[in-house]
Amino acid sequence: MKKILMVMGIASALLLTGCGMGEKEEVKADPAAYNKCLEEEAAKLLDETGSNLDYANEKALEACADLM
């Protein structure tokens, strides 16, 4: 009986304090910022490496992936 009460007490304490429930971090996508990032990264890669447009666009997508 004491074990059940102890488990229930610990479970109640965790629920009441919010332990185990992380805050949800909402990330809102900003299409304008994403498009600007893609343009800037692709242009930078084309200038720096002289690579082709497809390669530059692919690398820009990877660089700006965290914005979406």
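This passage walks through the helices of a predicted model, the core they share and a few residues on the way.

To start with the overall layout, the protein has 3 helices and 0 strands, so the pattern along the sequence reads simply α-α-α. There are 68 residues here, and 13% of them count as buried. The accessible surface adds up to about 6,000 Å², and carbon and sulfur atoms account for 60% of that area.

Next comes the inside of the protein. The largest nonpolar core is a set of 8 residues: Tyr34, Cys37, Leu38, Ala42 and Leu45, together with Ala56, Ala60 and Cys64. Two elements, α2 (31-49) and α3 (53-63), each give two or more residues to this core. The biggest share comes from α2, which puts in 5 residues. One core member worth a closer look is Leu45. Setting aside neighbours within four places in sequence, Leu45 touches Gly50, Ser51, Ala56, Lys59 and Ala60. Of these partners, Ala56 and Ala60 are themselves listed in the core.

How do α2 and α3 sit relative to each other? Their axes come within 8 Å and cross at roughly 135°. An angle over 145 degrees would count as roughly antiparallel, and 65 to 115 as roughly perpendicular; the two helices are therefore oblique to each other. As for handedness, the crossing of α2 and α3 is right-handed. On the α2 side, the contact is made by Tyr34, Leu38, Glu41, Ala42, Leu45 and Leu46. From α3, the residues taking part are Leu53, Ala56, Asn57, Lys59, Ala60, Leu61 and Ala63. Several names turn up again from the core, among them Tyr34, Leu38, Ala42 and Leu45.

Finally, two other residues of α2 are worth picking out. Asn35 is found in this helix. With a relative accessible area of 41%, Asn35 is partly exposed, because that value falls between the 20% limit for buried and the 50% limit for exposed. Asn35 and Leu61 are 26 residues apart along the chain, and 9.8 Å separates their C-alpha atoms. Ala33 also lies in α2, and its relative accessible area of 31% makes it partly exposed as well. Between Ala33 and Cys64 there are 9.4 Å in space, C-alpha to C-alpha, for a separation of 31 residues in sequence. Cys64, for its part, is one of the residues of the largest nonpolar core.

Key. Residues are numbered from 1 along each chain as its sequence is written. This is a predicted model: local features need pLDDT of at least 70, side-chain atom pairs count only at pLDDT 80 or more; totals for chains, interfaces and linings use all residues. Side-chain values use heavy atoms; hydrogens and water are left out. Helices (H or I, at least four residues) and strands (E, at least two) are DSSP runs, numbered from the N terminus. Buried means under 20% relative accessible area, exposed over 50%, partly exposed in between (1.4 Å probe, protein chains only). Accessible areas come from the Shrake-Rupley method with a 1.4 Å probe; for residues, only the protein chains shown count as cover. A nonpolar core is a set of buried Ala, Val, Leu, Ile, Met, Phe, Trp, Tyr and Cys residues joined through side-chain atoms within 4.5 Å. Contact means heavy atoms within 4.5 Å. Axes are lines fitted to C-alpha atoms, for helices over the stretch in contact, and angles run from 0 to 180 degrees between N-to-C directions. Angles under 35 degrees count as roughly parallel, over 145 as roughly antiparallel, 65 to 115 as roughly perpendicular and the rest as oblique. A crossing is left-handed if the near helix is turned anticlockwise from the far one by less than a right angle, and right-handed if clockwise.
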